[in-house]
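Please look through the structure below with its sequence at hand, and let us then walk from its sheets to its empty spaces.

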Amino acid sequence: MDTLQYLKSLALELNMTAENDKFIVNVIKTGESEVPAPEVYWMEGWNQWEKLSFHALLLRNKNINFLINTGLPADLSERNKAMLDFGGERCIFKSYDITSELKRLGVNPSEINGISFTPLQDYTTGGISLFQNAKIYIDRRGWIEDIVAPLRRKHLSRNLFIPDENLQYLMFKAWNRVVLFDSVNSYNILPGLSVTWVGCHHRSSLAFQISTRSGNIIFSDCSFKKRNFEENIPIGIAENTLECLDAYSKLRGIGKFLPAYDPEIDGLEF
């Protein structure tokens, strides 16, 4: 091989590597609810309501099918009892079938290589047992402080963080596929996919940075809707409002921000 052929071959290899570091991303709506506006916007919107959508993100490139969040649990009875007590019928969670949407996009659950979550909650971990060939990436701090050894007594049942059957599945049947990572600074799950711990909503709340062909996107529950992020308004149901402001400052300007529960991102593709 002469020098020119070698350089062309090297350029092609580098280009293919760069392409494999970028994902096609589909936003999948997995559920919906309504909540009093002060839950979304700190101390604002009294006597008003806000619609929420729950989302999973499907990330695909030539080698990987990765899922951030796995949908709501099949049994919503405990969650909806809590929502009824909180705000009445209007707050009830409604679930959408994540497997149907994945199949519409041409992906079977068995083809998902990896999954992760923001945050660890019943509405993100609900479908975890559907993806039996996936590595399960969990932030160590969130796993400890939200699930197995909370620093303080939680205001909600642990079963609302992760249902018993899914916790047992993780700790026994799927434990050999669990990858615990530390993301206080940043953690690279895969080329083109990194994650940073942000807190704010829960101890397991994360911000995922994803490289796509149209630029970087950020997905996090530290901001429920785009107004939180754009106007520096902490979410109302925050465990630490200052962590919200710190996260917005850290994440601003590094990519298009996707607020985890904003209906405006339903069905988007990047």
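Two strands count as paired here if DSSP finds at least two bridges between them, and strands are DSSP runs of at least two E residues, numbered from the N terminus. With that in mind, and remembering that this is a predicted model, we can begin with a hairpin, which joins S10 to S11 through 2 residues. These strands, S10 and S11, pair in the antiparallel sense over 6 bridges, and Thr212 stands opposite Gly215 in S11. In general, strands of a sheet pair through backbone hydrogen bonds, either parallel or antiparallel.

The hairpin belongs to an open sheet of 5 strands, whose order is S8-S9-S10-S11-S12 and whose pairing is mixed. At the edges stand strand S8 (187–190) and strand S12 (256–259), and because each has a single partner strand, one side of each is left without a neighbour in the sheet. Neighbouring strands of this sheet are turned against each other by 25° on average, if direction is ignored. Both senses of pairing can be followed here: strand S9 (residues 193–197) runs antiparallel to strand S10 (residues 206–212) and is joined to S10 by 5 bridges, with Gln209 in S10 as the bridge partner of Ser194, whereas S11 and S12 pair in the parallel sense over 4 bridges, and Phe219 stands opposite Leu258 in S12. Helix H10 (residues 241–251) packs on this sheet and touches S9, S10, strand S11 (215–220) and S12, while the direction of H10 makes about 150° with that of S9.

What is the strand order in the open sheet of 7 strands? The order is S4-S1-S2-S3-S5-S6-S7, and the pairing is mixed. Here S4 and strand S7 (178–181) stand at the edges, each with a single partner strand, so one side of each is left without a neighbour in the sheet. Within the sheet, S2 and strand S3 (residues 65–68) pair in the antiparallel sense over 4 bridges, and the bridge partner of Leu59 in S3 is Phe66. Helix H6 (residues 140–148) packs on this sheet, touching S6 and S7, and the direction of H6 makes about 70° with that of S6.

From the strands we can turn to the aromatic rings, among which 11 aromatic pairs are counted. One of these pairs is formed by Phe54 and Phe93, whose ring centres lie 4.7 Å apart and whose planes stand at 40°, so the pair is tilted. Since Phe54 lies in strand S2 and Phe93 in the loop between H3 and strand S4 (94–95), the pair ties together parts that are 39 residues apart in sequence.

The last part of the walk concerns space that the atoms leave empty. Rolling a probe the size of a water molecule over the atoms shows where empty space is left. The largest pocket has a volume of about 290 Å³, and of the 19 residues that line this pocket, the closest to its centre are Glu39, Arg79, Met83, Leu156 and Ile237. Two elements, strand S2 (49–60) and helix H3 (77–87), give two or more residues to the lining, and H3 gives the most, with 4 residues. Sorted by class, the lining of the largest pocket has 13 nonpolar, 4 polar and 2 charged residues.

The second largest pocket holds about 240 Å³ of space. Its lining is made of 17 residues, of which Leu72, Pro73, Ala74, Gly126 and Gly127 lie nearest its centre. Helix H4 (98–104) and helix H8 (164–173) each supply at least two residues of this lining, and H8 gives the most, with 3 residues. By class, the lining of the second largest pocket has 7 nonpolar, 8 polar and 2 charged residues.

How many cavities of 30 Å³ or more are counted? The count comes to 1, and the largest cavity has a volume of about 30 Å³. Which residues line the largest cavity? They are Ser116, Phe117, Leu120, Tyr137, Ile138, Asp139, Ser204 and Leu206; by class, this lining has 5 nonpolar, 2 polar and 1 charged residues. Strand S6 (residues 135–139) gives the most to the lining of this cavity, with 3 residues, and S6 is also a strand that helix H6 touches.

Key:
Residues are numbered from 1 along each chain as its sequence is written. This is a predicted model: local features need pLDDT of at least 70, side-chain atom pairs count only at pLDDT 80 or more; totals for chains, interfaces and linings use all residues. Side-chain values use heavy atoms; hydrogens and water are left out. On a 1 Å grid over the protein atoms alone, a cavity is a set of points where a 1.4 Å probe fits but cannot get out, and a pocket is an open set with protein on both sides within 12 Å along at least five of seven lines; lining residues have an atom within 4 Å of a point. Grid points are joined across faces, edges and corners, and a volume is the space filled by probe spheres set on the points. Ala, Val, Leu, Ile, Met, Phe, Trp, Tyr, Cys and Pro count as nonpolar, Asp, Glu, Lys and Arg as charged, and the others, Gly among them, as polar. Axes are lines fitted to C-alpha atoms, for helices over the stretch in contact, and angles run from 0 to 180 degrees between N-to-C directions. Contact means heavy atoms within 4.5 Å. Rings of Phe, Tyr and Trp (its six-membered ring) pair if their centres lie within 6.5 Å; planes under 30 degrees apart count as stacked, over 60 as edge-to-face and the rest as tilted.
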